[in-house]
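Good morning, and thank you for making time for this presentation. Please bring up the sequence and the model, and we shall go through them together.

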2 protein chains.
Amino acid sequence: MVKERVTVVDIARAAGVSKSTVSLVLQGSSLVNEVTRAKVNATIRELGYVYNRSAANLRQSKSKIIGIVVNDLTNSFFAELAVGVDTVVQSAGFVQFLANTSEKIERQREVVASMREHGVSGLIISPARGTEAADLAPLVESGIPVVLVVRDIADAGVSSLTSDNHAGAMAAVRHLIERGHRRIAFLGGFPDTAVFEARMRGYRDALLEAGLDAADGLVIGSAPSRAGGVTAIEQAMMLSERPTAALCFNDAVAFGVCDGLRARRLEPGADFAVIGFDDVIEAKTAVPALTTVSVDPQGMGQRAAELLLKQINAGKAEAESIIGSVRLVVRQSCGAAIERRTREALS
Amino acid sequence: MVKERVTVVDIARAAGVSKSTVSLVLQGSSLVNEVTRAKVNATIRELGYVYNRSAANLRQSKSKIIGIVVNDLTNSFFAELAVGVDTVVQSAGFVQFLANTSEKIERQREVVASMREHGVSGLIISPARGTEAADLAPLVESGIPVVLVVRDIADAGVSSLTSDNHAGAMAAVRHLIERGHRRIAFLGGFPDTAVFEARMRGYRDALLEAGLDAADGLVIGSAPSRAGGVTAIEQAMMLSERPTAALCFNDAVAFGVCDGLRARRLEPGADFAVIGFDDVIEAKTAVPALTTVSVDPQGMGQRAAELLLKQINAGKAEAESIIGSVRLVVRQSCGAAIERRTREALS
DNA sequence: TGACGAATTTGGATCGTTCCAATTATGAAT
DNA sequence: ATTCATAATTGGAACGATCCAAATTCGTCA
C-alpha cells in the first residue's frame, strides 16, 4: 500500500547515471548531453517521480513561492486582485500562496508567520484594517521583499501600490456637479481607514472647489459591502434636505445604494445619481450600468506582482511607492447617458 | 545586510541545551521540563528564530499543508467555498494552499503537480470543466487523500461532496408551478457539465410531474455569469410564446436575468418570476431579494474540509460520495412575497 | 601518439530539522 | 549507600535535493 518514495537516486540508478546528473536535468541545465537528458527524462516519467521541493528549498534556502495575503476574499475586488497576481507570478515560474485574513490582525500575523516558515521569496499584502508599521517590522527586517497593495501603511519602509483615490473621488464629484447636482453625499466605508480618508478628502475638495458647502452631514460611513450601502442610503434619505446624488466608497456599496433606492421606488440613474469606486466586473453588466472610478483590480494585482518580482530579482531595492492612476468610467447610474439620450432625441 | 539564518543549533547553543531539546520544545512535547521550555522559548524570541518547514517536511516526509483548487475564483461562490475550507483547515493546524485554474485543464494539471511537489497532505478540488477521471488517476494512485467538491467525476475513485441539484431544481420549479406559472424557462449554464445536467433534469422532472410540456425550447444555455444571464433572458424574450418565470442555473445568472428584465422595463418579481441557485451572500440583500436554492457555499467548504481531514487522519478511507441537501429559500424575486403582502393587505 | 581544451559527468559535503537509542539527572525506596 | 524507576536530555544518523571541485570522456590538432 504505502509506496516507496522515488528519489533522484532511484532515477540515477535506473538511468545509469549519477544523481548529480539527474539533478542537472531537473533544473534544465545546458551542461548535460542531449541523449542523457532524454534518457533521464524517460525514466523520470517511467518511475512516476515527484520532485521534492522541501529538499530543494532546504538546500538552496529559498523557494519559488510568493505569498499573497488579502483582507477579504469574499469581496470580488480582492478575488480579482489575487487572480491578477497569479497570472504574472505563474508565468515567472513561481507559485502563489494565497491567504485570507478576514480583516483580522491576529490571523494576519499567523498567516504571515506561516509564509515565512515556508520560505516565501516575497509577499504581497493587502493589510487588514488597523495594521500598523510595527506589525510588519519583523517581516521587513528579515529582508523579505514586501509589496503593500490597496492600503498603504505610513513608515513601514516597504514598497506600496495604491491608487489615486483622491483624484478619482474628485473627478467623480466634479462630474456630478457638472450634471447640476448640488447636494451630493459620500456613502459607505469605514471612516478609520486611509482609503476612506483619501476618497473622502477628494469628495470634499471637489465640493469646496465648486464653492459648495462641504458639511459633514452628507458623509455617512458603513460597512464597505452591499448591505452597508443599503443602510447608508436609508440614513441619507432620512435627512431633512435629501441629497440628489452620491459618490460611494466602493462598487459594493454602490450596488447596495441602488438596491436601497429601488426599495423606496426610486430608480438609480433617473431619480438619483450614483457613482461607485473600483470598477469590478459586475459594474459593466448591472442595470443600470454603474458609473464608477476604475481602478482595475486585476491590473493592479499584475503590477503589484511585477513590482515584487523586480525586487526579488534585484536582491535589494529601495522601497518605492506607486500611485496608480485611475479614471472615471461614465455609464448609466449617474444619469448622464440618459440625459444624453434625451438631448439627442430633442435635437 | 544578509542576515545569518538562525537555526535550532544557534538556539541550543544560546540556551545551553542540545538541539534535540530545542526540537522537542518546538513540537510542544511534554517530555521537556517546564523551566527548560521557558528558557528555550525565551531565546527563540530573543534571536528572532524562524522555523524552517522545508527542513521539517523533508525529515518527516509530510507537510501540514492542504491544497484547494477552484475553477473560478472570481465567482463568489467559490471564493466563499474557499473561505469555508480555510476556517476548518486552519483550526486543525493546517495551512491552506489555494490555487485558481480559471477553468483550464492545463493549468489545473500544473497546480496539482506543484502541490504534490510541496507535499500537501490532501487536496480539495473543484475540477475545471472537462476534467476526466484519467486526469486525476496519477494523483489518486499516489495515495494522497482527495475530495472533489461541487462537481463530481464518475469513476475517479475519490470522495466527493456535491449538492442535491436535482431535488433543488425540482423544488424550485414546483414552487413556480404552485404560484400559477405554466411557461417556465431554464436559463444559463454550460450544457456539457454534470451540474447543468442535474439541475436541468430536476427542472424537467418537475414539469413532467405536473403534466406540463417540457419542450427544449425553454432551456437556454449561456456562460454561468451575470453577463450570461443577460443574454439568456434576451433570447428567452424573443420566443413567440414567452415564459413568465425562470429557474436560473445559478445566482450570478439570476442577477443577470434581473438586469436584462429591467432593461426591458420589466420588474423582476412583479412582472416575471426568477429563481436562482446557490444562495450567495448578495442574494439576501439584492432588490428584489433573490429567491434561490441554498447550497451554502461556506458550509460546503467546511464539510469538504472535514471530510478531507477525516481521510487524512484515517490514513486510508473508502471513497464516499456525499450529496448535501439543499433548500429553497423563498424571497421576493419569484413574486411570492409580494403576493403574500397583497393578500394580507386585502384581508 | 600525445597533448590540450571543451564538454560531460560525478562523488561527497551540506542545508535544518526530526527521530531513535542511549545517556544522565532526579528522587524515592530499600 | 545502593538500587531502581522515572524524568529529562542528548548525540548522531537520517530525509532528498543542490553545489562544488575534481574527474572523466571526447574530439582535434600538432
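Let me begin with a question: how many residues surround DNA strand D, and which are the closest? The model, which is a predicted one, gives 27 residues around DNA strand D. The closest are Val8(A), Ser23(A), Tyr49(A) and Arg59(A), together with Thr36(B). Of the atoms of DNA strand D that come within 4 Å of the protein, 64% belong to sugar and phosphate.

Let us stay with this strand and turn to its bases. In the side chain of Ser20(A), an N or O atom is 3.4 Å from a base nitrogen of DNA strand D. Ala55(A) approaches through its backbone, with an N or O atom 3.3 Å from a base nitrogen of the strand. From chain B, the side chain of Arg59(B) places an N or O atom 3.0 Å from a base nitrogen of DNA strand D.

Which elements supply this surface? Helices α2 and α4 of chain A, along with α2 and α4 of chain B, each provide at least two of its residues. The most comes from α4(A), which gives five residues. By class, the surface near DNA strand D consists of 11 nonpolar, 11 polar and five charged residues.

I now move to the other strand. DNA strand C is surrounded by 26 residues, the closest being Thr36(A), Val8(B), Ser23(B), Tyr49(B) and Arg59(B). For DNA strand C, sugar and phosphate make up 64% of the atoms that come within 4 Å of the protein.

Here I should like to point out three approaches to phosphate. Ser18(A) has a backbone N or O atom 2.8 Å from a phosphate oxygen of DNA strand C. Ser23(B), already listed among the closest residues, brings a polar side-chain atom to 2.5 Å from a phosphate oxygen of this strand. In the side chain of Gln27(B), an N or O atom is 3.3 Å from a phosphate oxygen of DNA strand C. The elements giving two or more residues to the surface near this strand are α2 (19-26) and α4 (53-60) of chain A, and α2 (19-26) and α4 of chain B. That surface divides into 10 nonpolar, 11 polar and five charged residues.

Next, the protein interface. What is the extent of the contact between the two chains? In chain B, 42 residues are in contact with 42 residues of chain A. The size of an interface is often expressed as the accessible area lost when the parts come together. Between chain B and chain A the buried area is about 4100 Å², with carbon and sulfur atoms giving 59% of it. On the chain B side, the most area is lost by Thr74(B), Glu117(B) and Arg226(B), which together account for 14% of what that side buries.

Side chains of opposite charge can pair when their charged atoms come close. Four salt bridges are found across the interface of chain B and chain A, while a search of the whole structure gives 32 over all chains. In one of them, Glu117(B) meets Arg53(A), at 2.5 Å from N to O. This pair runs from helix α6 of chain B to helix α4 of chain A. In another, Glu117(A) pairs with Arg53(B), and the closest N and O atoms are 2.5 Å apart. Four residue pairs are in polar contact between chain B and chain A, both residues at pLDDT 80 or more.

Several elements of chain B give two or more residues to the side that touches chain A, among them α4 (53-60), α6 (105-117) and β2 (95-100). The largest share, six residues, comes from α5(B). This side of chain B comprises 18 nonpolar, 11 polar and 13 charged residues.

I close with a word on confidence. Chain A averages a pLDDT of 91, and 95% of the residues score at least 70. Residues 340-347 of chain A, however, have a pLDDT below 50, and this stretch makes one contact in the model beyond near neighbours in sequence. Where pLDDT is low, the predicted coordinates should not be read in detail. Thank you for your attention.

Notes:
Residues are numbered from 1 along each chain as its sequence is written. Chains are lettered from A and ligands numbered from 1 in the order in which they are written. Side-chain values use heavy atoms; hydrogens and water are left out. pLDDT is the predictor's confidence in each residue, from 0 to 100. Contact means heavy atoms within 4.5 Å. Buried area is the accessible area (1.4 Å probe) that two parts lose on being put together, summed over both. A salt bridge is a side-chain nitrogen of Lys or Arg within 4 Å of a carboxyl oxygen of Asp or Glu. A polar contact is a pair of N or O atoms within 3.5 Å; within protein, one must be able to donate a hydrogen and the other to accept it, and residues adjacent in sequence count only if both atoms are side-chain atoms. Helices (H or I, at least four residues) and strands (E, at least two) are DSSP runs, numbered from the N terminus. Ala, Val, Leu, Ile, Met, Phe, Trp, Tyr, Cys and Pro count as nonpolar, Asp, Glu, Lys and Arg as charged, and the others, Gly among them, as polar. A residue is near a molecule or strand if one of its heavy atoms lies within 4 Å of it.
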